[in-house]
Amino acid sequence: MKYRLLAGGSALLLTAALSACSSSSGSDSGNGDGRTTVDVWLMRDSVSAAFQKEFTADFEKRHPTIDVKVQVQEWDGIGQKITAALASNDAPDVIEAGNTQVAQFAESGGLLDLSDRTEELNGQDWLSGLAEPGSYEGKQYGIPYYAANRVVVYRTDLFEKAGVDASAIKTREQWIDATTALNKGGTQGIYLPGQMWYALAGFIWDEGGDLATESGGKWSGALDTPEALRGMAFYEELQALGKGPKDSDEDDPPQAEVMAQGQVAQVISTPGGANVIAENNPELKGKLAFFPIPGKTPDTPGAVFTGGSDLVVPAAAAHPDEAVTFIKELTGDTWQKKLAVAMSYVPNRTTLASAVADDPGAAAMAVGAANGHATPNTPGWAAVEAENPIKDYMTAVLTGGDPAKEAAKASQDITRAMNAGS
């Protein structure tokens, strides 16, 4: 299964077959027979056709007065479509949204505040990387649906040849030592392009820093803090143990294709990247495995950006109570476990991580997800990602620029972008 984390909305895409349902919009008020139809927008590839069919049948059996109509939406242009729906009187009852998209929809006043429902929806155990961006100004609008994050995808044969035990890599220091041992004899210890800013964010979070901070209602870039500079220093050290380009990201060239060429021992990717690697080089099938990104200490995995989706209820929803019932079922124990197994997702709660214990890639993700983070929770962050001065900053440092000066410049650019509309 292939994974891709969108840079703009930071939502998760998994390319798998899924049949589209009705393309109409709007909510039915009822069927004239005492039954209510809940209109649901789910994103393409968030569930398989088989899972959707099984869940819908079970839900309607358990709730005989509610019918479910799922409409599959495309990620391309979904922000504008949701914005328009929230501003209308014909919104669906439930919408799947990328976790970092929720703040911009909540800011408009178009979402239902679900703060008083969090206890019944098991909010005490939600992954922070989904729950935090699902809140806005102290109120909970997004209910965590599923998650995915990056892990280390590695070549078992190259590790064995170099005498490196992947299971023993628990800290950054051990990771550097192992990667150094792998980086010889024509093998790249790791392929890490210079602009993989989500990986950099994890290293910054590990140091106690952040990409931006808020004070008095104003956001400011924070790449020039001591903590963030230490995160960049680690990125630079790791990136040097390979031949990754310093002026592009993981998509240029596609890192899975680079690893498929046979000379790369590790990449940082979602587990689905292993499938892409094997598709490009069938000889590597069965030679790829996973471990969580290491942290600073052995007892805490490295911080990771949590991609994924939340479920929201429009303020204009015709059936808000039935919408919450739908969400409660889909995000409850039974269906979260089934969803995780069917789609290799990380469940929405830390207490359900064991559901993917038999899926090596998903299990590694689940370990990292316990230390998951999100980008700054403000509508203004979208402007930062659109311009993305973080990438330029990384390239400048990796090509010899002064880290402090380049970080200060990038922080100013982030501050300007985040506050442009205020």
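Two strands are said to pair if DSSP finds at least two bridges between them. In this predicted model, strands β5 and β15 satisfy that criterion, since four bridges join them and they run antiparallel. Within this pairing, alanine 97 has aspartate 310 of β15 as its bridge partner. Strand β15 also pairs with β8 (residues 143–148), again in the antiparallel sense, over five bridges. Here alanine 147 stands opposite glycine 308 of β15.

The surroundings of β15 deserve attention next. Because six of the six residues of this strand (residues 307–312) are buried, β15 is largely enclosed by the rest of the structure. In a regular strand the side chains alternate between the two faces of the sheet. Accordingly, Gly307, Ser309 and Leu311 point one way from β15, whereas Gly308, Asp310 and Val312 point the other way, and all are buried.

The loop that precedes β5 holds a charged residue of interest. Aspartate 93 is found between α2 (78–86) and β5 (94–98). This aspartate is buried yet has no salt bridge. A salt bridge would require a side-chain nitrogen of Lys or Arg within 4 Å of a carboxyl oxygen, but the nearest side chain of opposite charge, that of lysine 69, is 8.4 Å away from aspartate 93. The side chain of aspartate 93 does, however, reach the backbone nitrogen of alanine 318 at 3.2 Å.

A further sheet is built from three strands in the order β12-β9-β13; this sheet is open and its pairing is antiparallel. Its edge strands are β12 (266–269) and β13 (288–291), each of which pairs on one side only. From one strand to the next, the twist averages 30°. Strand β9 (residues 151–155) is joined to β13 over four bridges, and in that pairing leucine 288 of β13 is the bridge partner of arginine 155.

Helix α6 lies across β9, β12 and β13, running at about 135° to β12. Arginine 172 belongs to this helix, which spans residues 172–182. Arginine 172 counts as buried because its relative accessibility is 7%, and the cut-off for burial is under 20%. Leaving aside residues up to four places away in sequence, arginine 172 touches Phe203, Asp206, Glu207, Phe234, Pro294, Gly295 and Lys296.

The last element to consider is helix α13 (residues 360–369), which is mostly covered, with seven of its 10 residues buried. The buried residues of α13 are Gly361, Ala362, Ala364, Met365, Ala366, Gly368 and Ala369.

Key:
Residues numbered from 1 in each chain as written. Predicted model: local features only at pLDDT ≥ 70, side-chain atom pairs only at ≥ 80, totals over all residues. Heavy atoms only, no water. Helix = DSSP H or I, 4+ residues; strand = E, 2+ residues; numbered from the N terminus. Buried < 20%, exposed > 50% of the residue type's maximum accessible area, 1.4 Å probe, protein only. Lys, Arg positive; Asp, Glu negative; His and termini not counted. Polar contact = N/O pair within 3.5 Å; in protein donor to acceptor, adjacent residues only side chain to side chain. Contact = heavy atoms within 4.5 Å. Axes fitted to C-alpha atoms, helices over the stretch in contact; angles between N-to-C directions.
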